[in-house]
Amino acid sequence: MSALEEAPVAETRTPLMTLDGVSQVFDTKAGPIRAVDGINLSVNPGEVLCLVGESGSGKTTAARMAAGLARPTSGRVAFDGTDIWSMKRNDFGAFRRSVQYVHQDPYASLNPTRTIQQTITAPLLKHGVVKGSKAAAEKAVELLTKVDLTPAENFLPKYPHQLSGGQRQRVAVARALTLDPKLIIADESTSMLDVSIRISVLAMLGRLRDDLGVGFLFITHDLAIAKYFGWNGKTAVMYLGRIVEFGPTPKIINAPTHPYTRALIDAIPEPDPDLTKTKGRETLRSLEIPSLAHLPGGCSFHPRCPQFEDGLCDGVVPELVEVRSGQSAACHVVARDGAGEVRPDEPVA
Ligand SMILES: Nc1ncnc2c1ncn2[C@@H]1O[C@H](COP(=O)(O)OP(=O)(O)OP(=O)(O)O)[C@@H](O)[C@H]1O
């Protein structure tokens, strides 16, 4: 079966994480800005959901709400079917332990005054995963080995500044694993690394994804990375606070329908044959991203969109609607004209 065909669906399970009509409005000097505007997302157990978009599209704000680090202005965030903001203190604590956030910059998230051993063993001991410092050190060795920091014993006495960027990010991942999470939110976790290091950290994350069956909300501005990490999962493309396209990652990569997704693919510099075959179709009318404080009326992509139609695109905000089986887009033109079927011989991976 081609990766673009639908697998038989027998899903009645509760999603691990659901964002239901979630918005976040910030008060700024320029007035209120809607950093995230009514998004719907869900991640099933063990599933990868990639959230892709340019800087400022609202990815981190959405991720922080998913992690319970920020309360939405409106909408509902649910974990295992329960609204996290109506949970009792103990349940909220359990939720926070089940969802671990790995930041873009591990240097900022690791305490510089703590050794790697202290960083990894503190949550193990605090939450009673192990008893006693000997057992905690043994568990730390096991976790560091899982993230390919070997021989792990050599890393235990070191401080963050004694490690390379890639090693620090591996420590951040090992710390995220201490409490046996069900969901890891990886927010641009490899974007600050050099290319070769990035590939090896991504490979390590991919192994954890496969071996541990943990779900991932994987945030990146780079569709090539979403393709690499989330091929068997789903991808949501964000633009100025809204989801403009959503679907199985192979469809988003190989058969994008929204002009913005196509433009993102066009912008990928690397000579990836899967990505370049959909390239060259779009020329943006403007390179300028509108300010969230002064969003254009109608579709907020319309001032840049090569498919802009006067009177259609600048009137009302387009809804995210299914345009192909399992794939949805928020575009008046695609909704009207249809996205066409994906050819059965469409090359994948
Ligand atoms: N606490 C805040 N107060 C005011 N504005 C904010 C706040 N946090 C984020 N924003 C704004 O919200 C918008 C979305 O930011 P966000 O960080 O979620 O985007 P992003 O897609 O993750 O971008 P990046 O990749 O650059 O982090 C931006 O315009 C940002 O300036």
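This report describes a predicted model of one chain, from its overall dimensions to a sheet, a ligand shell and a helix.

## Overall dimensions

The chain contains 13 helices and twelve strands. Its C-alpha trace extends over about 70 × 45 × 45 Å along the principal axes. The radius of gyration is 21 Å, and because a compact globule with 349 residues would have a value near 20 Å, the chain agrees with that expectation.

Of the 349 residues, 44% are buried. Among contacts in the chain with a separation of 6 or more, 62% are between residues 24 or more positions apart.

## The four-stranded sheet

Four strands form an open sheet in the order β2-β1-β4-β5, and the pairing is antiparallel. Its edges are β2 (31-43) and β5 (82-83), each of which pairs on one side only. In general, strands of a sheet pair through backbone hydrogen bonds, in either a parallel or an antiparallel manner.

The antiparallel strands β1 and β2 are joined by nine bridges. Asp27 has Pro32 of β2 as its bridge partner. Helix α1 lies across β1, β2 and β4 (74-79), and runs at about 120° to β1.

## The shell around the ligand

There are 13 residues around the ligand, and those that come nearest are Phe26, Ala35, Ser55, Thr60 and Thr61. Two elements, β1 (17-28) and α1 (59-66), give two or more residues to this shell. The largest contribution is from α1, with three residues. The helix that lies across β1, β2 and β4 is thus also the element that gives the most to the ligand shell.

By residue class, the shell holds nine polar residues, three nonpolar residues and one charged residue.

## Helix α4 and its packing

Helix α4 covers residues 116-126, and its buried residues are Ile116, Gln117, Thr119, Ile120, Thr121 and Leu124. These buried residues of α4 pack against three other helices: α5 (133-146), α6 (152-155) and α7 (165-177).

After α4 comes Gly128, which has a positive phi, near 65°.

Notes:
Residues numbered from 1 in each chain as written. Predicted model: local features only at pLDDT ≥ 70, side-chain atom pairs only at ≥ 80, totals over all residues. Buried ≥ 20, exposed ≤ 12 C-beta atoms within 10 Å, placed from the backbone. Contact = placed C-beta atoms within 7 Å. Near = placed C-beta within 6 Å. Nonpolar A, V, L, I, M, F, W, Y, C, P; charged D, E, K, R; others polar. Pairing = 2+ DSSP bridges. Axes fitted to C-alpha atoms, helices over the stretch in contact; angles between N-to-C directions. Rg over C-alpha atoms; globule rule 2.2 N^0.38 Å.
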